[in-house]
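Open the structure in your viewer and keep the selection tool at hand. We will go from stop to stop, and at each one you select something and look.

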Amino acid sequence: MRLRALTLTDVRQFSRPVRVAAMADGLNVLSAPNESGKSTLFEAIRALFFLPHTSRKIAPLRPAVGGNPEIALDIDHEGVAYRLVKRWGKGAIAEVWQGARLIAKSDAAEAWINALTLPADEGGPAGLLWVRQGPADFDQGSASENKAAQAMRRDLMSSVTLEIEEMTGGRRMDRALALAHEELAQLVTQRGAKAGGPLDLARREVEALDTRAAALAEQSLALRGQIDKRRDARKLLADLTAADEEASRQQRLIRAQTAFDAAQRHAQALQTAEAQLVSATLALTEARRRQTARQQAETTLSDLGVKLAEVERDLAKAGAEAATARAALTAATQALTAARAVQTAAATAARAALRAAARRDEGRRHAELSATLARAEPLVAALPAQRAAARTGPDAAALATLEAAAQALALAEGLAQAAAPHLQLTYATPEVPQARLDGQPLPADTPVALTARAILDLPGYGTLTLDPGAQGADPARLDKARTTLSALLASAGAGDLAQARSAAQRRVQAETALRQTDGDLRHLVPHGIEALRDELARLAPAESEPQPALDPDAAQATGEQAEAARHKADTLLEAARALAQRRDEAALRLSLQAEALRDKRREAATQLADLPEAPGLAQALAVAGATHDSARADAEALRGDAPDLAASKATLERARSVITAAHAERARLEAELAGFEATISARAGDGVDEDLADTRLKLGTAQNVLAAHETEVAVLKALIGALETAQAAARERYFAPVLAELQPMLRLLWPESELRFDGDSLLPSALVRGGREEALDTLSGGTREQIALLVRLAFARLLAKSGRDTPVILDDALVYSDDDRLERMFDALQTQAADLQIIVLSCRTRALRALGGHALHFETLES
Amino acid sequence: MTQPFRLIHSADLHLGRRFGNLPEATRGRLIEARHQALDALVQAARATGATDILLAGDTFDNETPTKEVWRQALHAMGAAPDLRWWLLPGNHDSLAAETLWSNLQRHAPPNLRLITAAGPIDLVPGVTLLAAPLAHRRNARDLTDWMPGCATAEGALRLGLAHGAVQDFSESAGAGEGIIAPDRAQSAGLDYLALGDWHGQMRLGPRTAYAGTPEADGFRHKGRGACLAVSLTPGALPLVTRLETGRFHWAEEVLALVPDLDPVQALARLLPGAGAQPRDHLLKIRVNGRATLAGQAALRQSAQALGPDFWVFALDLAGLETQIDTADLDQLDHGGALRQAAEALARQAADPALAEAERRIAAGALNRLYSYLQDPA
């Protein structure tokens, strides 16, 4: 289909008929300012195709001044020219004209027009490809329009290649997936089993039955346990209450009591005999002990006497040895005393020799120091005068200051002279009286500087006072120089500079003499003359007649020999002392030992005296032995036939406890049985086992059902997975033809870019640039509108290739594009326009001049 | 005695069984049918002139039936005063269920005899019953081992009554314990040994039989429940006649398929014939072998169509393998994504590297896809 001309009557602002004619194949451009009616044109075409003439929703079309909107569109369809006419409101019509022949009207005309925009499977071409004003989102119409557009895209692809439908599975695939998802959704959600769904219910039932089966099994087991216990309890009670059992227990008690009494009596008799035996045993033991003690005491006394005699012999020998040692000690002591005296004398002689040598050295030193003092004293006496001369007169620095001040004064005076006005008088004749300046004759023709006020006495004329003022001269500087010089001379004690220079020279000479004297003194008395005098005072002068000299070395040798002799005497004395001490100690030990033995002998004698005599002890022992033998025989006789008291007591207690336990057990069993009876009769009729068997069967069935549902989930997931995997692969191929058309245009704008499509909506979802994928809704408005336009152009070319030309109408579709991008979009439009009819409506008059194409205009018609 | 002694031999009524493994809605009639079996036995006795009905154990399904179950059973027995009921404890209702047996004793109608001790019982002059009640659910020995040594009057009929297995085919847990000697009738000189425990009827020689349950309760034994009418004459072999007493016909059939076999026709051949009342039938079809996608779809559709006619109809496809033919895949699609998905599933279904469960899931998914695309939209 191609649009050729559009006529609007009473549509929006066009109360007078307007026409846009001569729409050509290829690119058409209607460029006009805002409010000129471009969008009205767009809406009019839309209304003609999609708004039934009977519709009452025509307010958007109706002009403000009223009227019934009418639209006529001339088209070429499959090589034949038609005119489509619709009018809404009063006198509504829908007509299709072929030349002058009306071929359809009203509903038939609507159906004819609808067929032009119906999807392929409903017998019509895919419809117009609209691109509206603004950043065109792809699905921006109503839900029904979007759905139709999506169907159109699928059909468009189907028409491009017959394989597409088969590749993607088409509606059969959709149906299979929808059924699988629907069935799966009955069972599970993303988070697991669907609450309340069959799988969830099956799981819950299994859990509930499992819990119930466990509880019932427990109840059943408990009931069986109660029945078993009741049976056991009944048997126990029957055994316990049997008459013969009771009589047997009583007889056992009587027998046990009798045996216990007899055993108790026998035990008392035995206890008495045992006591007597113990007493006899003790008496016998004591008699034996006393006899043994006497024998031991006699032996001890004898042994001690022998031992004491031996010790006393050793003691006598040790006393003799101690006396000998003490004599040797006395001799050694005397030898040491003599050696000490010899050593003392030698030491005294040595000290005298040393003192004599020292006195000779001191006399020599005294003589030397006296000579030095004699040389130093005159020098010391001259020092004060030399120091005073060396401080008199200006030093070098003061002289240099004086010289500088004199130069400064000379300079100031020179400058004053040069700056002062000069007076030069030329006498008229030599005869005229000579003038006088400040009383001094003023020579003729000689310039005289006036440095201060002066009085010029001109004889015959009077006096002329001349005041040079302050011009040119610096009197302050001159005064300062003079004052400075005067002050310096005064401080130097000189009347003038020559005196000062003479005094300075004398001072230099005095300083030289002083340094010489100082040097000599430091050499003679480096520590000062007073130190020399002090040392001299401490020394004694040499004796006029020296004493005979002693040899200190000989004196020292004598001393050392005396010391060695004394040391040897010391050693001998120590050895003698040690020996004497050892001998004394040995004698002492033996003495102590002898004393101890004597003590023990006395003690043994005392003990022996306390014991009876031997014959008495032997008689007592014989009596005790006889008594003990008798008592032992009695005890053994009783012990031999004694009954077991503990055993008979235990037997008696056991017999009593059996009777007590039987009573208690009977009471317990009767109570227990009552409890069992109550519990069993309460539970037995409840059909616990029936419930349990039934619940287990139900559980098995529920587990089977659950397994079946889980298998069902697995089957459905496997099916969905297989279908979606295959579909995804097919979609990749599905979009190949679209991408083949789209890619060249896309790369006009973005080299190396790709567009990704969403599998469900069949619309672009992302742009890949420079390897980075950007979701479409994150792109700028301009980029999105450019992509939208290119995609539509790609679809339009596919339609055209399949023989279904579809105009592309762009209503200010590139308002967000900058000029550079606009140029490239124009290139894309021009490229596509060769096969398509593209109608561009825009207010960007200037920008669109570069687009080219066939220009369209509004043409106002006569009413 | 000149007249034959006639009795009804039955067992394994399992009163109180609730059929928890079957759908809730189906259980009521099955439970009621078990109670009605008592009336059926009465009818059988009267029809054959029997005076005594011997129940060889497991009259009750468990040791603690509800009051309603045992009280109503006693009423039903007492309602036929012309007959005597002899109840032998079986493994499900052994004497260990003291409360049950004491309740039965307390409320028993005059024509009910409870056999609570092993030993001879004179039924009528000249007829002695040697009964072996089960003291416990499991017994470590043959409880009939005393019968050979039990003397009875010269010329009297000797009847044996016991419960348990004669070989390891017991219906009960703990099989292998207390096996009854298969030649007990011969070794004990019994004219007839009436056994219980096996729910199907079985003759073990001319003088020994299992009566089976009078109302079938499972798919294991095909058909309806029945009892045995026994006529005994001294010196002659017993005359044993099967009398059908059950209402429900239970059957588990195996449907073996191969790809070339029409599964719908094969299924039809397993259905009860004309005149049968499907409402009283419980039919379980266990399918094995292999079938194509189309065959499976047809089988399922047929089963769905047939199922509602029956009281229970179950089609077990767990043992059925899927035969994947190109023709079936062509029916799904000749190419494109659907075909690719189908082929992927077919490959998984045949992949030996996958576990059996995974292969079955893949085959199931393929069958499901086939059914989706075959159903009219």
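In this tour, contact means heavy atoms within 4.5 Å. Keep in mind that this is a predicted model.

**Stop 1: where the two chains meet**

Colour chain A and chain B separately. How many residues does each chain bring to the contact? Chain A brings 43 residues, and chain B brings 38 residues. The size of an interface is often given as the accessible area lost when the parts come together. Between chain A and chain B, the buried area is about 3300 Å². Carbon and sulfur atoms give 55% of that area.

Now select A:Arg172, A:Arg175 and A:Glu690. These three supply 21% of the area that chain A buries against chain B, more than any other three residues.

Next, look for charged pairs across the boundary. Six salt bridges are counted between chain A and chain B. Select A:Glu183 and B:Arg368. Their side chains meet in a salt bridge, 2.8 Å from N to O.

**Stop 2: a parallel sheet in chain B**

Stay with chain B and show it as a cartoon. Select residues 249-257 for β13, and residues 312-323 for β15. Add residues 281-292 for β14. What is the order of the strands? They form an open sheet of three strands, β13-β14-β15, and the pairing is parallel. In chain B, β13 and β15 stand at the edges with a single partner strand each, so one side of each has no neighbour in the sheet. Neighbouring strands here are turned by 10 degrees against each other on average, direction ignored.

Zoom in on β14(B) and β15(B). Ten bridges pair these two strands in the parallel sense. Pick out B:Leu283 and find the residue opposite, B:Phe313 in β15(B).

Now add helix α6 of chain B, residues 293-306. α6(B) packs on the sheet and touches β13, β14 and β15 of chain B. The direction of α6(B) makes about 175 degrees with that of β15(B).

**Stop 3: two helices that cross**

Keep α6(B) and add helix α9 of chain B, residues 356-374. The two helices pack at an angle of about 70 degrees, with their axes 10 Å apart. Angles of 65 to 115 degrees count as roughly perpendicular. That makes α6(B) roughly perpendicular to α9(B).

Which residues make the contact? From α6(B), select B:Leu293, B:Ala294, B:Gln296, B:Ala297 and B:Arg300. From α9(B), select B:Leu366, B:Asn367 and B:Tyr370. By class, the contact of α6(B) with α9(B) has five nonpolar, two polar and one charged residues.

**Stop 4: a hairpin in chain B**

Select residues 226-232 for β11(B), then residues 239-244 for β12(B). These strands run antiparallel and are joined by six bridges. B:Ser231 has B:Leu239 in β12(B) as its bridge partner. β11(B) and β12(B) form a hairpin with six residues between them. In the turn, find B:Gly235, which has a positive phi of about 85 degrees.

**Stop 5: an antiparallel sheet in chain A**

Switch to chain A. Select residues 754-757 for β17(A) and residues 764-769 for β18(A). Add residues 772-775 for β19(A). The three strands form an open sheet in the order β17-β18-β19, with antiparallel pairing. β17 and β19 of chain A are the edge strands, each pairing on one side only. Neighbouring strands of this sheet are turned by 30 degrees against each other on average, direction ignored.

Select A:Ala766. A:Arg756 stands opposite A:Ala766 in β18(A). A:Ala766 also stands opposite A:Ala775 in β19(A).

Follow the chain from β18(A) to β19(A). The hairpin has two residues between the strands, and A:Gly770 takes a positive phi near 60 degrees. Then add helix α16 of chain A, residues 736-749. α16(A) lies across β17 and β18 of chain A, at about 140 degrees to β17(A).

**Stop 6: a salt bridge within a helix**

Last, select helix α7 of chain A, residues 243-391. Show the side chains of A:Glu246 and A:Arg249, which meet in a salt bridge, 2.5 Å from N to O. Both residues lie in α7(A), three residues apart, about one turn of the helix. The whole structure holds 65 salt bridges over all chains.

Key. Residues are numbered from 1 along each chain as its sequence is written. Chains are lettered from A and ligands numbered from 1 in the order in which they are written. This is a predicted model: local features need pLDDT of at least 70, side-chain atom pairs count only at pLDDT 80 or more; totals for chains, interfaces and linings use all residues. Side-chain values use heavy atoms; hydrogens and water are left out. Two strands pair if DSSP finds at least two bridges between them. Helices (H or I, at least four residues) and strands (E, at least two) are DSSP runs, numbered from the N terminus. Axes are lines fitted to C-alpha atoms, for helices over the stretch in contact, and angles run from 0 to 180 degrees between N-to-C directions. Angles under 35 degrees count as roughly parallel, over 145 as roughly antiparallel, 65 to 115 as roughly perpendicular and the rest as oblique. Ala, Val, Leu, Ile, Met, Phe, Trp, Tyr, Cys and Pro count as nonpolar, Asp, Glu, Lys and Arg as charged, and the others, Gly among them, as polar. Buried area is the accessible area (1.4 Å probe) that two parts lose on being put together, summed over both. A salt bridge is a side-chain nitrogen of Lys or Arg within 4 Å of a carboxyl oxygen of Asp or Glu.
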